[in-house]
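Hi,

Here is the structure I promised to pass on. Have a look at it first, and then read my notes below.

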Amino acid sequence: MLEATSLRAGYGPVEVLHDVSLTARAGEITCLLGRNGAGKTSTLKALMGLLPLTSGTVTLDGEALHDLPAHEIPKRGIGYVPQGRRLFKELTVAETIEVGLMTRGEGRATREWVLDLFPRLRERLNQQAGTLSGGEQQMLATARALCLRPKVLLLDEPTEGLQPSMIELIRDVTVKMRDEGYAILLVEQRMDAILALADRAVFLETGRSVETADAARLHADPDLLHHRLGV
Amino acid sequence: MEFGPHLLLAVLEGLVTASILSLTAMGLSLVFGVMRVVNVAHGEAFMLGAVLAWWVTGLVAGHPAVGFVLAALTAPLIVGALAAASDRLVLKRLNYDPDRTIVATIGLLYIAQQTTLMTFGPDARPVEPPFNQRIALPWLERTEEGWTWFYPWGLSITSYKLFVIAAAAAILVAIWLVITRTRAGLLMRATQQDSETAQAFGIPVGTVYSVVFGIGAALAALGAVLVVPIQQAHYLMGGEPLLLSFIVVIIGGLGSLPGTVIAALLIGLSDGIISVFFSPTLAKIIATLLVAMVLVFRPQGLLGKAQT
């Protein structure tokens with residue numbers, strides 16, 4: 001279980017997260033919701049240690065992560081699929097997967113497991129990541145994070161800009177990981193995806209977590225989403 | 001001497017220059033490629049390597065080869081360690097800000113120069129080559145009996161210069177293999193592509209930067225160790241390798257390692273040939289002009305990729 005309490009963080013003197021608390025439980029998809037600029041991506045970066053915290057705590061199964069250097073945090077078991085995929089563009093698919101495997105010293109078995117999840121990647125092992133199609137890049141970004149065999153998976157808008165069949169595939173994998181017991185923290189903008197996937201939702205507004213709702217409440221009260229995210 | 005043998009001699013001398021230059025420029029290119037730092041103090045790593053090579057060879061008695069091997073092992077190591085330490089102490093604290101790292105490395109340049117002057121003095125120091133046989137080179141000439149080999153007067157090279165060319169080639173191949181085939185190389189390339197995401201996959205980017213900065217300086221020092229038996233060590237010798245390395249790196253494409261080697265060959269050979277037939281000054285003028293032309297017509301360099 002990943003637990004963050006009262007996170008404050010910012011870029012230099014500009015504070016973007018004022019008070020964010022959230023919990024991502026194993027076997028659940030927790031959606032992180034909010035309008036543009038509410039601090040969703042910044043929250044994920046803060047959890048990964050890429051955005052320095054000024055106060056607040058992050059713990060994974062009771063172990064404090066907030067005072068670890070950024071490169072130690074993934075080794076505790078957090079896989080990160082950043083916004084815009086952020087692949088190592090000139091590395092091949094095989095090399096990218098190797099980087100993921102090295103993070104936590106995973107071996108051949110994990111490599112096979114990940115390639116079985118995304119058979120398309122197996123056909124493109126020697127291709128440079130930057131030359132893959134958008135959907136394949138998203139598969140690779142997801143595969144890279146799964147190579148850690150993480151306890152928690154952070155997904156930042158994984159279906160942004162993809163064609164429907166790819167969205168379907170990424171969503172299937174997300175659900176599969178949830179059912180295997182991973183804790184998933186998902187940033188998502190599409191209403192239908194939120195309603196279909198979320199076991200729990202945390203709403204952010206201008207750098208503060210303002211409300212948490214479970215799936216039952218999201219379905220019972222459709223106005224909640226419109227009120228919080230309404231355009 | 002006739003034109004043909006003369007040209008062969010110029011090409012060989014140019015290859016020696018190109019070998020040293022490709023090592024030095026490779027260090028600069030590696031540092032820029034991975035860290036996006038323009039290291040103005042790179043020439044001083046070369047100078048320190050040369051001066052340390054002289055100092056180390058002076059410590060041991062016996063055959064010159066003993067001192068040379070010792071220098072080739074220790075000088076790059078010491079210079080690399082100094083560079084890694086200055087990365088930790090200075091560049092890291094500037095957050096690798098592009099403008100401030102340039103100013104900081106100018107500072108490192110003067111510190112290195114003046115420390116060397118105060119420690120070892122202003123004299124130029126020779127180092128004895130480990131071996132130095134003169135090898136006469138044959139040339140083909142048409143006589144009444146057809147094509148025959150003969151040895152033109154003055155057409156020769158020393159065994160040490162041939163060794164420099166071979167050693168530089170071997171070192172370049174080794175670097176290439178490390179970068180493309182090993183895990184350490186993979187960490188470096190991932191950091192180069194996206195340092196923030198690299199951290200999210202457990203790569204200690206700070207350590208990678210220090211190591212790369214150290215390797216970059218060590219390559220310059222290694223080039224200098226190879227060159228001191230040909231050219232004397234002096235505390236002001238860092239200027240020319242710095243200028244030529246920048247020329248090579250700009251022509252080859254910033255951060256492109258194959259481009260760096262090609263450009264080093266181009267600059268080294270043209271330097272050798274033009275220096276022999278015309279003058280060394282003209283060689284520098286043409287090299288600098290070439291940089292201007294590359295910047296105008298192909299700003300990303302021969303093999304560089306356009307920034308997107």
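How many residue pairs are in polar contact between chain B and chain A? The count is eight, with both residues of each pair at pLDDT 80 or more. That confidence score comes up because this is a predicted model, so please read everything below with that in mind.

Let's stay with the two chains for a moment. On the chain B side, 18 residues take part in the contact, and chain A brings 23. Together the chains bury about 1900 Å², and carbon and sulfur atoms account for 63% of that area. There are charges at work too: five salt bridges are found across this interface. One to look up is the pair B:E196 and A:K45, whose side chains form a salt bridge at 3.3 Å, N to O.

If you want to find the touching side of chain B, go to helix 6 (183-193) and helix 7 (195-200), which each supply at least two residues. Helix 6 of chain B has the largest share, with six residues. By type, the chain B side splits into eight nonpolar, five polar and five charged residues.

Now for a contact inside chain A. This chain is divided into domain 1, made of 1-77 plus 152-231, and domain 2, which covers 85-150. Each of the two domains puts 17 residues into the contact between them. Their C-alpha centres are 23 Å apart.

The area buried between these two domains of chain A is about 1400 Å², with 72% of it from carbon and sulfur atoms. Within domain 1, the residues that lose the most area to domain 2 are A:M166, A:V173 and A:Y182, and together they make up 29% of what that side buries.

How many salt bridges does the rule find across the domain 1 and domain 2 interface of chain A? It finds zero. As for polar contacts, one residue pair turns up there, both at pLDDT 80 or more.

On the domain 1 side of chain A, strand 7 (152-156) and helix 6 (164-179) each give at least two of the touching residues. Helix 6 of chain A gives the most, with six residues. That side of domain 1 is made up of eleven nonpolar residues, one polar and five charged.

Try finding B:E196 and A:K45 in the viewer, since they are the salt bridge pair named above.

Cheers

Technical notes
Residues are numbered from 1 along each chain as its sequence is written. Chains are lettered from A and ligands numbered from 1 in the order in which they are written. This is a predicted model: local features need pLDDT of at least 70, side-chain atom pairs count only at pLDDT 80 or more; totals for chains, interfaces and linings use all residues. Side-chain values use heavy atoms; hydrogens and water are left out. Domain bounds come from an automatic or database domain assignment. Contact means heavy atoms within 4.5 Å. Buried area is the accessible area (1.4 Å probe) that two parts lose on being put together, summed over both. A salt bridge is a side-chain nitrogen of Lys or Arg within 4 Å of a carboxyl oxygen of Asp or Glu. A polar contact is a pair of N or O atoms within 3.5 Å; within protein, one must be able to donate a hydrogen and the other to accept it, and residues adjacent in sequence count only if both atoms are side-chain atoms. Helices (H or I, at least four residues) and strands (E, at least two) are DSSP runs, numbered from the N terminus. Ala, Val, Leu, Ile, Met, Phe, Trp, Tyr, Cys and Pro count as nonpolar, Asp, Glu, Lys and Arg as charged, and the others, Gly among them, as polar.
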